[in-house]
Amino acid sequence: MAHSIFISLLLMWGVAAADLTFTVPSSPPANSSGQLSAAPLGVSLEFFTFPAYMNNVAATTTCLQNLKDLTGTWPPLRIGGTTQDRATYDPTLTQAVNYTVTSSTDAPTTLTYGPSFISLAASYGGEIILGLNRRLNNIANSISAAKLAKSDAANLYAIELGNEPNFFASSDPIAGGVSWTAAADYASEITWQDEVCGNLSATDLISAGVYFGTSPMSIAGLTAAEGTANNYVKTYCSHNYPQSASTANLATLMGHSSIASQISGYSSEITAATSEGKPHIFGETNSATQGGGGISPTFGAALWILDYVMQTVIMGTKALYFHQGTIGNCQYCWWGRYDMGAPYYGAYFATMALAGADQIAPLDSHTTAYAAYAIYKSGAPVKVLLYNSDYYTSGTRSSQTYVLSGLSSSSVTAKRLTAPYATSRVDQGGNPTIAGQTFANGTCTIQGTATTETTTVSGAKATFTVKASEALLVYL
Ligand SMILES: *[C@@H]1O[C@H](CO)[C@@H](O)[C@H](O)[C@H]1NC(C)=O
Ligand SMILES: *[C@@H]1O[C@H](CO)[C@@H](O)[C@H](O)[C@H]1NC(C)=O
Ligand SMILES: *[C@@H]1O[C@H](CO)[C@@H](O)[C@H](O)[C@H]1NC(C)=O
Ligand SMILES: *[C@@H]1O[C@H](CO)[C@@H](O)[C@H](O)[C@H]1NC(C)=O
């Protein structure tokens, strides 16, 4: 009886759970990530609308620049998606792209692109991956585009030969009228790698695989077939969308332990790539397929990005490219012509956490709702990231207390990522904040005064409170 009254009181006070205590290891523990890349968070822009993002959406450059200002490196950019496999290169086209659509919210079923498309990609300050067409089986055409990209784009990191070929069908020209199997795709990818790289006299150029999910085609299967063609590969690439409009469930999307289960199937894909001496990337990813379901524009999706990035880089992926689709018809997009998207706040906070870091380690077991990560630079802990993934949508907001020990300074500072609810959306007035600041609609400019929290360390310990659906980045 007394016990249940005590529990009720705890719930009334909004205290959900007992304190969690973590010792911050003074050097990277055994389950730390490998060396992190300078900018693990990237952006994927849908092929046909890449020029419009760069030329007609004012927020694009500032949103990318904000991330660059944190890390010193422009976020890597991938240009591709479904419409790369509908596109034909036209060396005489003066515009960057040409297509017609019935409604401005449609993606074209066919399009052409010209040399200025490639010069625009070449003008980006960071590395690019360019997605070329394989589905239409016009290798000479893709080779001419690849040649121009290789000669003109000093920032070219890799070229893709086809997007999500696991969805190719026997009716697609590449299939030659027969059923499109895993074996057929592996053989086709390898032939194309040989011929494209042969014509360009290049090695280490192709972002290979580019599979949605891990079945029926997989990086494990492709690498087993590659043989010496592995020399042409720069990186092996997976696409991951945890949910679809029909399965949309925000609590599951953002849940710390459910993220661990959702990504677990990629562990063997990452191992397959790294055992061939090539990095793995998530070359296209976002919360839900087909432009994103109703959960995609929410703050919970921002929290998903934060924790998903940490867990996948620990698993060994090199970079993640979050997809931005049709302008004006894209629930998961980070920004648009008019409003910001809440998910951008998660991307920015994740970039803050990893900026300048060499390694990150999980302090918890990924089996509860409460995450803690230690972040290392030159072998010493420099930050701790805390994330309370309890799903908060109304009523009393619970919180989790974290006690960190093994701290060497006398006080530490912290920056908080929060919003009214997990379901908050910027376009409905539910602006998230990072250290009290927001990003301006339409321009992506950071606005407001930054508020840093200071906590005293006593006996090498400090206590932090993180509310349900909130994260805290502690600077040691
Ligand atoms: C652009 O595409 C349309 C069809 O969508 C075509 O009629 C037109 O000739 C193309 N323009 C150029 C310059 O290729
Ligand atoms: C160049 O590409 C063509 C296909 O357009 C192919 O037949 C030829 O073998 C390739 N050349 C080399 C050296 O790989
Ligand atoms: C990482 O290792 C620590 C011990 O150093 C352990 O407590 C923690 O559960 C591990 N986490 C994962 C996800 O492996
Ligand atoms: C962005 O615009 C929406 C209206 O579309 C508004 O509710 C929200 O408060 C604005 N956000 C900021 C940070 O100004």
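Sorted by class, the residues around ligand 2 come out as two nonpolar, two polar and two charged. The model here is a predicted one, and this shell is made up of Ile-139, Ile-143, Asp-194, Glu-195, Gly-198 and Asn-199. As for how well wrapped the ligand is, ligand 2 on its own has 360 Å² of accessible area, and the protein covers 50% of it.

Two helices stand out around this ligand. Both α5 (139–152) and α6 (182–200) put at least two residues into the shell around ligand 2. The top contributor is α6, which hands over four residues. On the polar side, the side chain of Asn-199 has an N or O atom sitting 2.3 Å from an oxygen atom of ligand 2.

Now for ligand 1. Its surroundings consist of Leu-93, Gln-95, Asn-98 and Thr-100. Of the 360 Å² that ligand 1 exposes when taken alone, the protein buries 37%. Broken down by class, that shell holds one nonpolar residue, three polar ones and no charged ones.

Two side chains in this shell pair up with ligand oxygens. For Asn-98, a side-chain N or O atom lies 2.3 Å from an oxygen atom of ligand 1. For Thr-100, the corresponding distance from a side-chain N or O atom to an oxygen atom of ligand 1 is 3.1 Å.

Put side by side, the shell around ligand 2 includes two charged residues, while the shell around ligand 1 has no charged residues. The protein covers 50% of the accessible area of ligand 2, and for ligand 1 the buried share is 37%.

Notes
Residues are numbered from 1 along each chain as its sequence is written. Chains are lettered from A and ligands numbered from 1 in the order in which they are written. This is a predicted model: local features need pLDDT of at least 70, side-chain atom pairs count only at pLDDT 80 or more; totals for chains, interfaces and linings use all residues. Side-chain values use heavy atoms; hydrogens and water are left out. A residue is near a molecule or strand if one of its heavy atoms lies within 4 Å of it. A polar contact is a pair of N or O atoms within 3.5 Å; within protein, one must be able to donate a hydrogen and the other to accept it, and residues adjacent in sequence count only if both atoms are side-chain atoms. Accessible areas come from the Shrake-Rupley method with a 1.4 Å probe; for residues, only the protein chains shown count as cover. Ala, Val, Leu, Ile, Met, Phe, Trp, Tyr, Cys and Pro count as nonpolar, Asp, Glu, Lys and Arg as charged, and the others, Gly among them, as polar.
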